[in-house]
Amino acid sequence: MSRIPLVPESDIPLPGLRSDHGLLSWIASVDHKQIGIMYLLATLAFFLIGGIEALFIRIQLARPENSFLAPDTYNQIFTMHGTTMIFLVVVPMLLGFATYFVPLMIGARDMAYPRLNALSFWLLVFGGLLLYFSFVGGGQPVAGGAGGANGGAPMAGWFSYAPLSERPFSSSSGSDYWALGLLAVGIGTLAGAINLIVTILRLRVPGMSLRRVPLFVWMVLVNGFILLFALPPLNAALVMLLVDRQLNAHFFTPLTGGSAIMWQHYFWAFGHPEVYIMILPAWGMISEIIPVFSRKPIFGYEFVAGSSVAIGVLSFAVYAHHMFTVGLGHPFNAAFSAASMLIAIPTGIKIFNWIATMWGGKIRFTTSMLFAVAFIILFTIGGISGVTFAMVPIDWQMTDTYYVVAHFHYVLFGGTVFAIFAGVYYWFPKMTGKLLSEKWGKWHFWLMFIGFNLTFFVQHILGIVGMPRRVYTYPDLPGWGTMNLISTIGAFVLAFAVLVFIGNVLVSLWRGQPAGDNPWDAWTLEWATTSPPPVYNFEQVPPVRSRRPLYDLAHPDNPDWKRNR
Amino acid sequence: MDSLLNAGSPQAQAMQSMFFWTLVLGGLIFLLVTGLVLAASIRYRQRANDDEPRQIFGNLKLEIGWTIAPALLLVFLFGWTLQTMRTADPAVAATNQDPDLVIIAHQWWWEVHYPKSGVVTANEIHIPAGQKILTRFESADVIHNFWVPEIARKMDVVPGHPNYLWLQADQPGLYQGACSEFCGAQHAWMRIRVIAETPDEFAAWQQAQLQTPAAPTGDTAVQGQQLFQQKTCMNCHTIAGSGATEQIAPDLTHFASRATLGAGVMDNTPANLNTWLTNPQAIKPGSHMPDLKLSADEVNALTAYLETLQ
């Protein structure tokens with residue numbers, strides 16, 4: 001294939017912005033490592049914005065009948081918080097890691113479709129900016145102030161239930177920005193999924209059979225297939241919502257013959273697989289990090305990989321557990337209850353395999369490992385409360401309360417975000433050539449662990465005593481004010497922990513210890529090149545005869561491939 | 001506290017005991033996992049002079065063990081779920097769909113009908129204790145959710161899709177709840193009060209609600225009644241016997257007999273009513289009752305009139 005030199009090609013891995021063509025060589029880059037870093041920076045920016053929104057929410061709820069935010073403003077903020085964290089932070093941040101590390105881990109030069117890769121990233125940025133432009137562009141003052149829209153951002157929640165999201169009930173154009181922004185992001189993500197699947201299936205270095213790829217790559221592969229099948233229902237529903245809103249169709253408007261419940265089927269057919277999209281690559285990270293810092297291979301590789309495939313398949317059969325209170329009848333609820341419970345089996349398999357990997361090892365408690373171990377514990381809490389939602393009668397009481405808010409934050413923050421921080425401490429040296437400071441890292445970890453539990457554990461109890469989610473304020477019932485105040489204090493500890501992390505990144509970039517090629521003595525191919533890797537990734541890819549090619553190089557007398565291939 | 005932990009009906013009791021024992025079971029599993037993680041962390045922590053640990057790649061028997069054990073536990077949980085679903089939400093037979101109570105959710109209040117007696121009220125639901133009340137849920141606009149944790153499961157209130165529930169409270173008393181599906185600006189102030197009474201008290205309440213309120217006496221109240229007709233109040237509200245019959249907003253026929261106003265945003269006292277009428281948008285921004293820019297005298301008169309509607 002002929003090469004078209006559209007882009008100023010850089011021969012240094014991380015061109016500075018002030019160097020010749022510096023900015024252009026980032027913006028126009030089709031290099032998976034630069035795009036991966038841009039993914040991480042853009043999603044970090046959105047994470048900070050979403051975090052500030054979370055602090056606004058917690059300030060408003062710090063005491064009963066607070067008037068810090070007007071109701072509509074609060075509703076916009078919590079809608080944007082959820083939408084941002086899910087669509088602009090967790091999913092693309094994991095894709096960013098995949099974009100950077102999958103080609104390195106399989107010994108490839110780049111992704112299968114480098115230009116498509118750049119398109120995916122820029123669609124994310126564009127979709128995110130479109131969504132946020134709603135704050136200034138979405139306003140549409142309503143005469144008299146009643147029933148009203150006094151600001152521009154969407155305010156129907158991150159799952160935007162119809163008919164609330166339809167024009168009669170959401171008259172500002174916030175919901176249009178929401179649907180268009182998510183469409184842009186969704187198309188980019190779909191392209192990214194295709195790119196990752198093809199890269200993993202076609203560009204592996206000779207010798208790396210699918211039974212030898214690192215587990216992070218396995219999880220990204222399964223994730224790619226889930227994205228491929230889960231995003232179309234969402235994109236279809238978004239288009240239908242836009243047609244309803246702009247052209248007065250009535251897909252989801254019951255008063256004119258549409259169905260409010262149909263939106264939920266479409267949305268959750270995407271929305272529950274989405275939950276696994278947000279956790280699988282995180283599981284992959286944990287499955288890389290725990291073995292390296294325990295100095296043992298992953299326990300039960302086939303079972304960790306196989307259970308992820310099982311989850312990928314099951315993820316499409318569980319979505320209606322979000323709809324147990326819709327009134328669709330006991331047989332319907334029972335079927336989805338059974339499927340949802342099944343998910344606990346492959347999830348449990350992974351947790352036990354991680355513990356078995358630690359068992360008998362020589363564990364080095366680096367910051368990365370601390371985050372990984374905390375992940376196991378916090379994710380287990382979120383997993384157990386998840387099983388309670390598969391049990392229909394418990395769901396009938398606890399859904400849409402603060403108990404569910406606690407549940408999914410234990411899964412997505414205690415789970416995914418803790419895994420992402422484990423991954424950042426693990427891979428930052430590879431990406432930048434500098435180690436993050438362990439001293440700052442320990443502060444970051446403990447503040448975050450304490451802040452997280454302070455914020456979210458008490459929300460389980462708030463839900464049990466009857467506090468619904470998504471309320472801009474609440475009556476002064478016994479205990480509610482105190483528990484909400486504890487949660488708010490926790491949120492500020494959490495925010496401070498994030499500042500410590502950012503400080504750590506800046507200080508370490510400035511004068512961190514040089515990392516060397518393989519600071520953790522790890523075994524997968526990304527550590528077989530310089531830090532940061534050259535533009536072409538590898539001078540020479542080591543032979544791959546087992547799952548741990550670098551272990552084999554270091555132990556020529558006793559390589560893995562003689563014991564276990 | 002108004003929580004599922006104080007179950008006040010056989011249905012809520014079933015959900016409560018299931019939740020309690022599931023939390024105990026979940027707690028044990030959590031202790032097992034955390035115990036193993038901590039044990040591994042302490043016992044296998046790296047010491048200075050350690051060699052490489054033994055490289056173990058897996059163990060088929062263990063894998064089978066931790067696949068089968070949770071599977072068996074889940075079979076049990078599923079059976080328990082099926083059984084509890086029947087107790088927690090007894091089936092409503094197709095032939096039995098002549099409801100005792102119809103609850104229509106609006107942005108942001110509850111309309112309450114008793115079709116067998118003709119009583120209409122709002123936000124405060126009186127039921128006779130100890131009886132199963134067949135309740136039908138409808139929505140006038142968006143999706144809401146009826147949740148009174150001490151006595152019943154959550155039930156979505158979906159436009160175009162009526163749902164049914166047996167509402168039951170064993171003991172007389174007040175059971176509080178709230179809308180728990182996000183429904184717009186004032187989702188927070190869409191609270192529910194279920195007042196369970198002895199059958200005699202309930203019958204007396206129902207009788208009182210069916211009476212047409214006596215015409216107001218006293219100058220201010222009479223003036224208030226005239227204002228109610230002249231201002232746009234009667235475009236939305238009903239007061240039996242006054243000629244106001246619109247059902248867009250809460251029925252005010254026996255307004256003064258209710259304990260709260262604005263679906264729980266305030267206690268129903270004359271002072272609060274005065275504040276509310278002065279500008280509802282200051283109390284419940286976004287609610288569908290507009291600021292009518294009434295003068296202080298007009299507000300006082302209307303307050304006096306509405307307070308007569310016992």
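**Entry 1: A:Ser173**

I began with A:Ser173, which counts as buried because its relative accessibility is 17%, and the cut-off for buried is under 20%. The model I am reading is a predicted one. I then looked up where A:Ser173 sits in the chain A fold: the residue is in the loop that runs between helix H4 (114–137) and helix H5 (174–202). I also checked a distance to A:Ala153, which is 20 residues away along the chain; I got 7.7 Å between the C-alpha atoms of A:Ser173 and A:Ala153.

**Entry 2: A:Asp72**

Next I asked whether A:Asp72 is buried or exposed. I found a relative accessibility of 8%, so A:Asp72 counts as buried. I located A:Asp72 in helix H3 of chain A, which covers residues 71–105. For a distance I took A:Arg18, 54 residues from A:Asp72 in sequence; the C-alpha atoms of A:Asp72 and A:Arg18 are 44 Å apart in space.

**Entry 3: chain A as a whole**

I counted secondary structure in chain A and obtained 18 helices and zero strands. The radius of gyration of chain A is 24 Å, close to the 24 Å from the globule rule for 565 residues, so I note chain A as being as compact as a globular protein of that length. Along the principal axes, I read a box of roughly 75 × 55 × 45 Å for the C-alpha atoms of chain A.

I looked up burial for the chain too: 67% of the 565 residues of chain A count as buried. For contacts in chain A with a separation of 6 or more, I find that 79% are between residues 24 or more positions apart.

**Entry 4: surface and charge**

I noted an accessible surface of about 18,900 Å² for chain A, with 69% of that surface belonging to carbon and sulfur atoms. I then tallied the charged side chains of chain A, which come to 31 positive and 25 negative. The centres of these two sets lie 9 Å apart.

**Entry 5: nonpolar cores**

Which residues have the most contacts inside the largest nonpolar core? I list A:Phe97, A:Phe216, A:Trp263, A:Phe375, A:Phe418 and A:Trp427, in a core of 176 residues. I followed up A:Phe375, setting aside neighbours within four places in sequence, and recorded its contacts, among them A:Ile279, A:Trp283, A:Ile286, A:Trp354 and A:Phe418. Glycines also appear in the contact list of A:Phe375, including A:Gly414 and A:Gly415. Apart from the largest core, I recorded another of 97 residues, which includes A:Phe352 and A:Val458 along with B:Tyr175 and B:Phe202.

Notes:
Residues numbered from 1 in each chain as written. Chains lettered and ligands numbered in written order. Predicted model: local features only at pLDDT ≥ 70, side-chain atom pairs only at ≥ 80, totals over all residues. Heavy atoms only, no water. Helix = DSSP H or I, 4+ residues; strand = E, 2+ residues; numbered from the N terminus. Buried < 20%, exposed > 50% of the residue type's maximum accessible area, 1.4 Å probe, protein only. Core = buried A, V, L, I, M, F, W, Y, C linked by side-chain atoms within 4.5 Å. Contact = heavy atoms within 4.5 Å. Rg over C-alpha atoms; globule rule 2.2 N^0.38 Å. Areas by Shrake-Rupley, 256 points an atom, 1.4 Å probe, with all protein chains shown as cover. Lys, Arg positive; Asp, Glu negative; His and termini not counted. Charge placed at Lys NZ, Arg CZ, Asp CG, Glu CD.
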